[in-house]
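Please find below a note on the pockets and on one helix of this structure. It is written as numbered points for study beside the sequence and the model.

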Amino acid sequence: MTRKPDDEAERAVSALANADDRIVEGALRPKRLSELIGQTRVREQLSLMLEGALGRGRTPDHVLLSGPPGLGKTTLAMIISAELGAPMRITSGPAIERAGDLAAILSTLSEGEVVFIDEIHRVARPAEEMLYLAMEDFRVDVVIGKGPGATAIPLDIAQFTLVGATTRAGLLPAALRDRFGFTAHLDFYEPEELGVIVRRSAGLLGVALRDDGAEEIAGRSRGTPRIANRLLRRVRDYAEVRGNGLITQDIAKAALELYEVDEMGLDRLDHAVLAALVRKFGGGPVGLSTLAVAVGEEAETVEVVAEPFLVRAGLIARTPRGRVATPASWEYLGLPVPQQGPWVRQPEAGQGPPGEVTLFD
Ligand code: ADP
């Protein structure tokens with residue numbers, strides 16, 4: 001049985017938002033570019049672009065934000081609208097099933113408005129074509145009638161800035177990607193940056209947090225602000241019920257062990273992926289869908305939620321022949337690293353054990 005994305009969001013370290021997160025996230029989201037922690041390059045590039053557009057009194061280029069869930073795409077969209085002093089419409093790819101759904105939004109925009117489309121890779125095809133024209137010429141063709149008698153009536157719409165977010169940039173057709181003047185990929189955060197985020201959130205939530213407690217939480221947050229904020233809330237509960245309310249390193253450690261968040265922040269799904277790859281498939285290479293079936297998840301969940309961080313942590317690699325475990329995976333699972341694996345150069349005859357570790361690609 002495969003689990004639904006909602007179950008997925010209930011895991012302590014899932015990067016997907018659960019109902020609880022959505023309530024608290026509003027309060028914790030940085031509101032301006034200057035408050036945003038990390039993503040220095042993206043912040044600087046955006047700041048230049050927005051200031052330039054404001055200076056010229058024009059709407060800025062359309063913005064495409066890609067990257068794994070929980071890294072700040074929605075936050076950045078909101079910041080763009082705040083920096084421009086423009087209102088924002090929020091929708092998502094799955095909500096736009098027909099061109100008419102999109103036309104309803106685009107034809108009622110006011111000048112300069114920001115339109116945020118989350119999961120833009122899931123916009124239905126006919127709507128996508130309408131989007132091309134709207135992005136380029138600020139025009140939509142409204143089709144009246146059906147069949148051979150149908151006529152397209154061009155309708156001018158207000159100049160707007162589209163902010164698209166996607167966890168799967170690779171699925172975007174080139175024609176859509178090319179229409180964004182500004183694209184940025186958000187990467188996982190460093191533990192130091194997550195430490196700053198956790199301290200900021202603790203301040204906003206009125207939680208007593210020692211620096212060593214913040215570091216412990218940051219180190220186990222899978223490089224993801226959303227997870228850092230969620231773990232902070234779990235640890236706060238623990239500190240209030242089992243301690244005196246102050247989050248210290250010991251309290252954070254004990255709480256996170258209780259929630260089965262290990263030192264690298266890997267959780268049940270990550271473990272399952274690594275264990276299947278190593279134990280069932282001998283380290284691979286194995287195709288994504290086969291791996292997903294082995295852990296009872298949707299291929300997309302494995303690809304979007306688990307894999308990017310496992311790759312970043314150096315535990316698995318993507319190769320054209322499939323996913324491959326690195327020696328670090330065996331070590332992580334407490335297993336002896338085999339002498340030969342898909343990643344190891346075959347030793348020359350009589351030259352002893354394999355030397356340098358090389359993943360082929
Ligand atoms: P995404 O849209 O990429 O899934 P969000 O923008 O919803 O991610 O971010 C999730 C939460 O993480 C936000 O509510 C916010 O509190 C926090 N967050 C994200 N990025 C940052 C950041 N750079 N600095 C501080 N907090 C952040």
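The points below treat two pockets and then one helix.

1. This is a predicted model, in which local features need pLDDT of at least 70, side-chain atom pairs count only at pLDDT 80 or more, and totals for chains, interfaces and linings use all residues. Residues are numbered from 1 along each chain as its sequence is written, and side-chain values use heavy atoms, with hydrogens and water left out.

2. The second largest pocket (on a 1 Å grid over the protein atoms alone, an open set of points where a 1.4 Å probe fits, with protein on both sides within 12 Å along at least five of seven lines) has a volume of about 350 Å³. The volume is the space filled by probe spheres set on the points, which are joined across faces, edges and corners. It has 18 lining residues (those with an atom within 4 Å of a point); Thr-167, Arg-168, Glu-303, Pro-308 and Arg-318 are closest to its centre.

3. Domain 1 (39-185) and domain 3 (268-332) both contribute to this lining, so the second largest pocket lies between them; the domain bounds come from an automatic or database assignment.

4. The largest pocket holds about 1,100 Å³ of space. Its lining comprises 43 residues, with Leu-16, Ala-17, Pro-69, Gly-70 and Arg-226 nearest the centre.

5. In helix H11 (residues 249-258), a DSSP run of H or I with at least four residues, numbered from the N terminus, Ile-251, Ala-252, Ala-255 and Leu-256 are buried (under 20% relative accessible area, 1.4 Å probe, protein chains only). Down the axis of H11 these residues fall within an arc of 120°, so they line one face; the arc is taken from the directions from the helix axis to the C-beta atoms.

Conventions: Buried means under 20% relative accessible area, exposed over 50%, partly exposed in between (1.4 Å probe, protein chains only). Helices (H or I, at least four residues) and strands (E, at least two) are DSSP runs, numbered from the N terminus.
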